[in-house]
Amino acid sequence: SPAVFPLSCAVQSYSWGKLGLASEVAQLLASGDPMVQIQPDQPYAELWMGAHPRGDALIRDNRIPQKTLGQWIADNPACLGAKVKDTFQGHLPFLFKVLSVNTALSIQAHPNKELAVKLHAQFPEHYPDANHKPEMAIALTPFEGLCGFRPVEEIVSFLQTVPELRALIGEVAAEQLERSGSDDPRGVSAALRVCFTRLMKSEKKFFVDQLNMLVKRISQEAAEGKDTSGSNGDLLLRLHSQYPGDIGCFTIYFLNLVRLEPGEAMFLGANEPHAYLHGDCVECMACSDNTVRAGLTPKFIDVLTLCEMLNYTPAPSSSKIFPAVQSPLDPSVYLYDPPVPDFAIMRIEIPPSIKLYLVSAMDSASILLVIQGTAVGTSTAAASEMALRRGSVLFISANESISLQLSSPDGMLLFRACCPL
């Protein structure tokens, strides 16, 4: 049967997603399948491209007897590539996504393998599998997120200009962080852990009162035309309007605000605190649902586990931007290769001058997403020609290539997720 075929992918309509055609997810759906009706008042939050049991992609090729990608891989495990098949027990090791974020996602971190095994054994209803979940996000539109702990001097500066924050953390912990020296990184991490844990475990009534005082004060200052950036005022008011009375609003004083331009990426390793705030991105992750949450969410929160597991290493926001490396073999390809075995992503920018392009074979199964441009794809492993346009998604078995005949005047932009063992 064909080893290269188009997919129809699952959509998740979480409440934080962008609505209707304002969402990149909805635009890709509508363009990839003209039969789809986009509902203007429904959130289109995530497009899942993969074989995850909660969103297994449908195969759009009636010559293939299996209905979903997961079923097809189970029956044809060699399609993964020999190394991938053996390393990941016959499963596709990654889930590829598009996210369209309108309001903030929860403050969260993902466990490493060891902690995942423990959490899954103890609380399977909250931690559904025993795998780690490293993630990488690449911006499609200007994208904002919180990621990792800020440099200590920035946190100390907020402790001195935001009295409501200092009240929640307490004088002893605040002074310990102020006194911790850069020559003692373990002392800094210990002080940071105490401060963040005190914040996250503060009494509900107390933190709601402090948050209301802070919001009132910043709103007044903003109304008087004062500069509120010393209290991170704009972001505080925005998060508070989305999640009023939520402890997560205070995390903006601890975590870096990272802004990505299209094509820039951030990698989120195990135990890295993060929260996406706004924008559209492609995302790739290890196939897992393990998320430890502690704020900006109506879902189950596990503050103790989160505060225990986090990586308390301060670093500037610029260090969170993950570089892409242009391929020495093909100048159209930029590779984002994170320090985990489960996945890598390629950004393929085909210039208008190229009319025939080869999506090269590799020794791993991969998933290809078209963001812009049109082409006709042919492959010895495909049953017939494939019309590719914005929103098209293809599964490509290991060791198969696709030849693209471009028909768009302005080139193409593609993303390809794979497992580069």
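Is L177 buried or exposed in this structure? In this predicted model, L177 is buried, having a relative accessible area of 1%. The briefing below begins with the surroundings of L177, then turns to the cysteines, and ends with two open sheets, one of four strands and one of eight.

**L177 and its surroundings**

- L177 lies in helix α7, which covers residues 171-179, and its relative accessible area of 1% falls under the 20% that marks a buried residue.
- Leaving aside residues up to four places away in sequence, L177 touches V152, I155, V156, L159, V188, A191, L192 and C195.
- One of these contacts is V152, which is 25 residues from L177 in sequence, while the C-alpha atoms of the two residues are 7.8 Å apart in space.

**Cysteines**

- A disulfide is a covalent bond between the sulfur atoms of two cysteines, and a search of the whole structure finds zero of them.
- C195, which is among the residues that L177 touches, has its closest cysteine sulfur in C307 at 12 Å, and this is too far for a bond because a disulfide requires the two sulfur atoms to be within 2.5 Å.
- C281 is likewise in no disulfide, the nearest cysteine sulfur being that of C284, 11 Å away.
- C195 counts as buried, with a relative accessibility of 0%, and C281 also counts as buried at 0%.

**The open sheet of four strands**

- The strands of a sheet pair through backbone hydrogen bonds, in either a parallel or an antiparallel manner.
- In this sheet the order is β19-β24-β21-β22, and the pairing is antiparallel.
- The edges are formed by β19 (356-359) and β22 (386-388), each of which has a single partner strand, so one side of each is left without a neighbour in the sheet.
- From one strand to the next, the twist averages 30°.
- Within the sheet, strand β21 (residues 375-378) and strand β24 (residues 402-406) run antiparallel and are joined by four bridges, and V376 has Q405 in β24 as its bridge partner.

**The open sheet of eight strands**

- Here the order is β6-β1-β23-β20-β25-β18-β17-β16, again with antiparallel pairing.
- β6 (58-59) and β16 (325-326) are the edge strands, and each of them pairs on one side only.
- The partner of β16 is strand β17 (residues 333-336), with two bridges between them in the antiparallel sense, and Q326 has Y334 in β17 as its bridge partner.

Terms used. Residues numbered from 1 in each chain as written. Predicted model: local features only at pLDDT ≥ 70, side-chain atom pairs only at ≥ 80, totals over all residues. Heavy atoms only, no water. Pairing = 2+ DSSP bridges. Axes fitted to C-alpha atoms, helices over the stretch in contact; angles between N-to-C directions. Buried < 20%, exposed > 50% of the residue type's maximum accessible area, 1.4 Å probe, protein only. Contact = heavy atoms within 4.5 Å.
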